[in-house]
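Biologist: I am new to this structure and would like a close look at a single part of it. Could you take me slowly through the pocket and what lies around it?

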Amino acid sequence: LLGLRYSNISDDFNVLGTGGQGILTTLDIEAHTRNNLVGPQVGIRWNKQTGHWKIGSEARFMAAANFQQAWVDSAFTGGGGLIQAGTIVGGNDSTSDVTWAPLGELRLDVGYQVSKAVTLRMGYTGMVA
């Protein structure tokens, strides 16, 4: 297998909190990351059929450039202690970068051919980025 591949991997992390009589009464943090991977891909594929049963495997490797974007939004409302009650402290930050990000993938599957048009398949896909 030879070709060009694009993959998108996203990650979102949210923390919401409240408190009682302590220093912290409300906390809101949101962190987001978007990874857009693009690059050439090579791979091999193997299939075998015995009667109605089909088995197959596939391995792929992508030498990718990762166009990454990350940002954080935060807000804190404190009561007592270091921050006066009702004070809102917030902020946001963002960054972007282009990095080398190799990607490997392995697929294994087995199928049973019920008819010419219908095959029941089950498999596993593992990915390392």
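Modeller: What follows is a description of the largest pocket, and then of an aromatic pair. This is a predicted model, in which local features need pLDDT of at least 70 and side-chain atom pairs count only at pLDDT 80 or more, while totals for chains, interfaces and linings use all residues. Residues are numbered from 1 along each chain as its sequence is written, and side-chain values use heavy atoms, with hydrogens and water left out.

A pocket here is an open set of points on a 1 Å grid over the protein atoms alone, where a 1.4 Å probe fits, with protein on both sides within 12 Å along at least five of seven lines; its lining residues have an atom within 4 Å of a point. The largest pocket has a volume of about 210 Å³, a volume being the space filled by probe spheres set on the points, which are joined across faces, edges and corners. Among the residues that line the largest pocket are Arg45, Lys54, Glu58, Asp109, Val110 and Arg121. At least two lining residues come from each of strand E2 (24–50), E3, E4 and strand E5 (119–128), strands being DSSP runs (E, at least two residues) numbered from the N terminus.

Turning to the rings, the whole structure holds one aromatic pair. The ring centres of Trp53 and Tyr112 are 5.0 Å apart and their planes are at 65°, so the pair is edge-to-face (centres within 6.5 Å, planes over 60 degrees apart, with the six-membered ring used for Trp). Trp53 belongs to strand E3 (residues 53–78) and Tyr112 to strand E4 (residues 87–113), 59 residues apart.

Key:
Rings of Phe, Tyr and Trp (its six-membered ring) pair if their centres lie within 6.5 Å; planes under 30 degrees apart count as stacked, over 60 as edge-to-face and the rest as tilted. Helices (H or I, at least four residues) and strands (E, at least two) are DSSP runs, numbered from the N terminus.
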